[in-house]
Amino acid sequence: MDESSLALLRRYFKEYYFKHSGRIGAPPHMESREFGYFPFNGAMIRHQSFSDIGTFRALLVKEGPAGVYCSNSQYEQPTEEMQKKGWLRAELIFDIDADALKLPCKNDHDVWFCKQCGRKEFGLRPESCPACKGTRILEMTWACPLCIEGTKKEVLKLLDFLETDFGIPRSLASVYFSGNAGFHIELGETQYDELDQHVRAEISDYLTARGMVAGAFENFKLSTNDPGWRGRVARYIRDLPPGSKPFKTAEFEKRASELVNDLDSDDVEHLVASAVLANSVKLDSMVTADIHRVFRMPETLNNKTGLVKRKCEDLMRFDPFIDAVALPEEDEETLLSVDICPKVSLGGRSFGPIKSTEVTKVPLYLAVYLIARGAAKIPAKVAG
Amino acid sequence: MSPDYKKVIDRAEDRILEAFRSGKVSDKSSENREIEIMSFPVSLMLVKSTKLDHIMERYALAEAIRVEGILKQEKNDHVIEDIFTNFLGIKLERSADPRYPRFKISLQDYVKRAVHFHKPEWKLVNRLVQGGKVFVTQQDLIRLIREEIHEIILLRLGRVNIPKLTANLDEVVKRLVASAPPPPRSAYTIINVRPEDYPPCVRAALDLLEKGQNVPHFGRFLMATYLLAVGKTVDDIMALFPKAPDFKASITKYQVEHIAGIKGGKTRYSVPSCKTLQTNSFCFKDPIKCYEISTPLQYPSRKKPEDEPSKVGRKGGKRSENRSKPKSRESSEERRGWTKAR
């Protein structure tokens with residue numbers, strides 16, 4: 001990134017932490033957590049420990065870092081290297097990212113760039129560049145309101161699984177907008193905190209239905225009240241519209257009998273596969289299984305957008321493009337050279353799409369967003 | 001030597017030989033209860049005296065299977081429940097609906113144990129789960145107990161002190177060592193494998209590299225650990241990389257050296273298990289050659305799935321097609337907008 005664009009990000013982040021570091025709360029058992037942060041153009045500084053939030057906030061005000069992180073794990077010695085930390089426990093965390101949903105809107109807003117010939121276009125990344133046939137192609141993903149809506153639906157599915165299957169009260173699950181294109185679902189203390197990574201992988205496999213065998217659904221007749229996945233598959237079959245193949249009837253009871261007695265195994269597998277697709281949670285399994293990870297802290301800025309990672313008190317009403325803008329009150333405007341970007345709505349203002357380089361005046365938070373995304377820079381004459 | 005003492009030693013040796021031959025110890029309590037009981041600690045001492053880890057492992061498992069067999073004949077289901085409550089400290093619940101398996105066990109107690117089993121029916125996702133509890137049958141509980149007993153016997157073996165053996169016992173130990181099966185392939189052993197015999201997951205990573213495409217982080221990790229395990233050097237592995245689109249020699253070298261235990265935490269990383277590869281969407285299972293293997297190092301499978309149904313997956317094996325393409329973790333943690341090709 002060029003110096004002037006970087007300077008703008010630095011200034012914005014510093015101002016945010018100067019004004020709002022008081023919003024950053026201390027995690028429970030703060031002294032047992034590992035903290036980390038990275039400066040702009042610098043490597044991550046990990047294995048830090050803080051016992052009071054005031055000292056930590058002061059550091060953020062002084063440094064204005066690009067990313068601020070804290071472990072969900074608790075350790076005996078959080079400042080030691082990983083093998084010597086003495087892992088104690090970790091609250092469960094789930095990460096759902098819009099990009100993983102592969103929604104059709106990606107085609108409208110994602111951009112690819114051929115490193116070989118420099119071609120840039122909207123759309124999904126092709127296997128090879130249509131112009132030069134090169135395969136060294138980068139992609140830039142964007143999130144739009146449709147992505148956020150889709151991701152929220154995944155969060156609701158997850159919350160239902162956690163409550164009904166895992167017995168975790170809804171009040172223990174906090175949903176945070178990640179500051180980029182997804183949500184982190186962080187649980188308070190539960191009976192699962194002492195489970196190791198292998199067991200956590202089983203939990204994420206349960207939620208994503210990885211490793212499920214269709215055979216389990218034809219042993220005995222399904223009921224929509226069945227626990228767990230059986231009940232979900234049953235309700236999916238009940239809700240299929242009349243005339244849905246391979247069923248001869250629209251009535252659930254008869255469908256359930258057909259499933260056990262009449263359908264061949266291919267049909268059963270196909271049905272279970274579609275029920276699974278509709279009900280499974282598209283979460284990032286690695287995040288849940290990894291017990292040595294640090295997570296962006298709530299009320300800190302995401303360096304990929306300049307937006308705040310923020311708790312969603314009312315998930316369905318939370319609009320990250322308004323509610324997560326870090327400094328919406330800032331009315332300063334700046335001249336920006338935008339390379340390529342889809343239509344963006346931020347802080348109530350619409351911008352773009354821009355297909356080829358354009359110099360334009362935008363509010364500071366939008367400039368930060370576009371620079372952080374890698375789509376814009378401060379024009380040379382302003383910088384000079 | 002008194003005839004009774006000899007009988008005890010003979011039965012002790014026999015228990016171990018049974019473990020070698022068939023992987024399970026038979027129950028001869030009805031023939032002579034005292035000898036059956038007294039021969040067990042003698043077996044432990046003999047097994048420990050072989051100083052062969054894999055023999056201890058095999059023997060512990062065979063004894064656990066013996067107990068499993070005895071429990072399976074138990075008609076009174078309170079016995080199993082009592083073992084869980086008193087022996088393992090796990091309170092079971094009874095399920096209210098007769099259509100479902102009879103018992104409920106807490107999810108964490110279930111998964112901690114079941115995670116070690118490879119058959120798909122043990123995966124949490126193939127279980128009835130409700131309110132943090134997993135439904136299990138009596139047979140399931142017995143299988144879970146077997147695992148506990150296996151662990152307990154291993155622990156006991158670890159604590160056995162080997163006394164100075166008498167000449168006749170020394171003879172027995174020598175005979176046992178001579179007839180012991182060879183150790184299984186270990187997760188760390190260096191073996192020479194021809195590139196055409198690399199497992200499909202490692203080949204997938206190598207193919208992507210070959211085509212100049214990006215290999216997800218986990219694929220690179222697998223490739224490095226596997227190739228190191230089969231005797232390749234850091235430089236051999238480095239030579240594979242320059243076609244990667246984002247290749248930075250110094251970073252890659254550091255990463256491979258880190259995995260090899262030369263740099264950083266100085267821990268040599270072992271090859272990830274098949275289960276871990278599945279969780280990370282980097283399993284490209286070959287239904288025959290990957291049969292019942294639990295790590296890529298066991299590829300190709302030595303067993304053939306002869307009695308498997310022609311369609312894998314009815315009772316086990318095939319996974320539902322809910323896998324997304326291997327995804328690089330870096331993609332969502334990249335610091336700038338442009339991300340690498342997947």
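I take two residues to be in contact if their C-beta atoms, placed from the backbone, lie within 7 Å. The model I am looking at is predicted.

**Entry 1. Nonpolar cores**

I looked up Ala367(A) and left aside its neighbours within four places in sequence. Its contacts are then Leu8(A), Thr334(A), Leu336(A) and Val362(A). I then asked which residues touch the most other members of the largest nonpolar core. They are Leu158(A), Tyr365(A), Ala367(A), Val368(A) and Leu370(A), in a core of 142 residues. I traced the largest share of this core to helix H12 of chain A, residues 364-373, which supplies nine residues. A second core, separate from this one, has 31 residues. Among them I noted Leu208(B), Leu209(B), Val256(B) and Cys274(B). For background, nonpolar side chains tend to be buried together in soluble globular proteins.

**Entry 2. Domains of chain A**

I went through the domain assignment of chain A, which gives four entries. Domain 1 is written in three segments, 3-98, 146-207 and 283-321. Domain 2 covers 106-143, domain 3 covers 216-279, and domain 4 covers 328-383.

I then checked domain 1 of chain A against domain 4 of chain A. Their C-alpha centres are 27 Å apart. On the domain 1 side 10 residues are in contact with 13 residues of domain 4. Which element gives the largest share of the domain 1 side? Helix H1 of chain A, residues 3-20, gives it, with five residues. I sorted the residues on that side of domain 1 by type: four are nonpolar, five polar and one charged.

**Entry 3. A sheet in chain A**

I followed an open sheet of four strands in chain A, ordered E2-E1-E3-E12 and paired in the antiparallel sense. E2 and strand E12 (294-296) of chain A are the edge strands, and each pairs on one side only. I have the twist from one strand to the next as 25° on average.

Inside this sheet I looked at E1(A) and strand E3 of chain A, residues 67-71, which pair antiparallel over four bridges. As a register point I noted Tyr37(A), whose bridge partner in E3(A) is Val68(A).

**Entry 4. Backbone exceptions in chain A**

I kept in mind that most residues other than glycine have a negative phi, and most peptide bonds are trans. I then listed the exceptions below.

- Asn41(A) is not a glycine, yet has a positive phi of about 55°. I placed Asn41(A) in the loop between strand E1 (35-38) and strand E2 (45-48) of chain A. Is Asn41(A) buried or exposed? Asn41(A) counts as exposed because it has 11 C-beta neighbours inside 10 Å, and the limit for exposed is 12 or fewer.
- Lys102(A), also not a glycine, has a positive phi of about 55°. I found Lys102(A) in the loop between helix H3 (98-101) and helix H4 (106-109) of chain A. Lys102(A) has 13 C-beta neighbours inside 10 Å, so it counts as partly exposed.
- The peptide bond joining Lys245(A) and Pro246(A) is cis, with omega at about 5°. Pro246(A) belongs to the loop between helix H7 (228-239) and helix H8 (252-261) of chain A.
- From Gly352(A) to Pro353(A) the peptide bond is cis, with omega near 0°. I located Pro353(A) in the loop between strand E16 (349-351) and strand E17 (358-363) of chain A.

**Entry 5. Chain B**

I turned to chain B, whose secondary structure comes to 13 helices and five strands. Chain B has 342 residues, and 33% of them are buried. I also looked at contacts in chain B with a separation of 6 or more: 69% of these join residues 24 or more positions apart.

Four strands of chain B form an open sheet with antiparallel pairing, in the order E1-E2-E4-E3. Why do strand E1 (93-94) and strand E3 (129-130) of chain B each have one side without a neighbour in the sheet? They stand at the edges, each with a single partner strand, so one side of each is left free of a neighbour.

I checked the pairing of E1(B) with strand E2 of chain B, residues 103-106, and found it antiparallel over two bridges. Here Arg94(B) stands opposite Phe103(B) in E2(B). Lastly I looked at helix H5 of chain B, residues 107-114, which lies across E2, E3 and strand E4 (133-136) of chain B. Helix H5 of chain B runs at about 85° to E2(B).

Conventions. Residues numbered from 1 in each chain as written. Chains lettered and ligands numbered in written order. Predicted model: local features only at pLDDT ≥ 70, side-chain atom pairs only at ≥ 80, totals over all residues. Domains from an automatic or database assignment. Nonpolar A, V, L, I, M, F, W, Y, C, P; charged D, E, K, R; others polar. Pairing = 2+ DSSP bridges. Axes fitted to C-alpha atoms, helices over the stretch in contact; angles between N-to-C directions. Core = buried A, V, L, I, M, F, W, Y, C linked by C-beta atoms within 7 Å. Buried ≥ 20, exposed ≤ 12 C-beta atoms within 10 Å, placed from the backbone.
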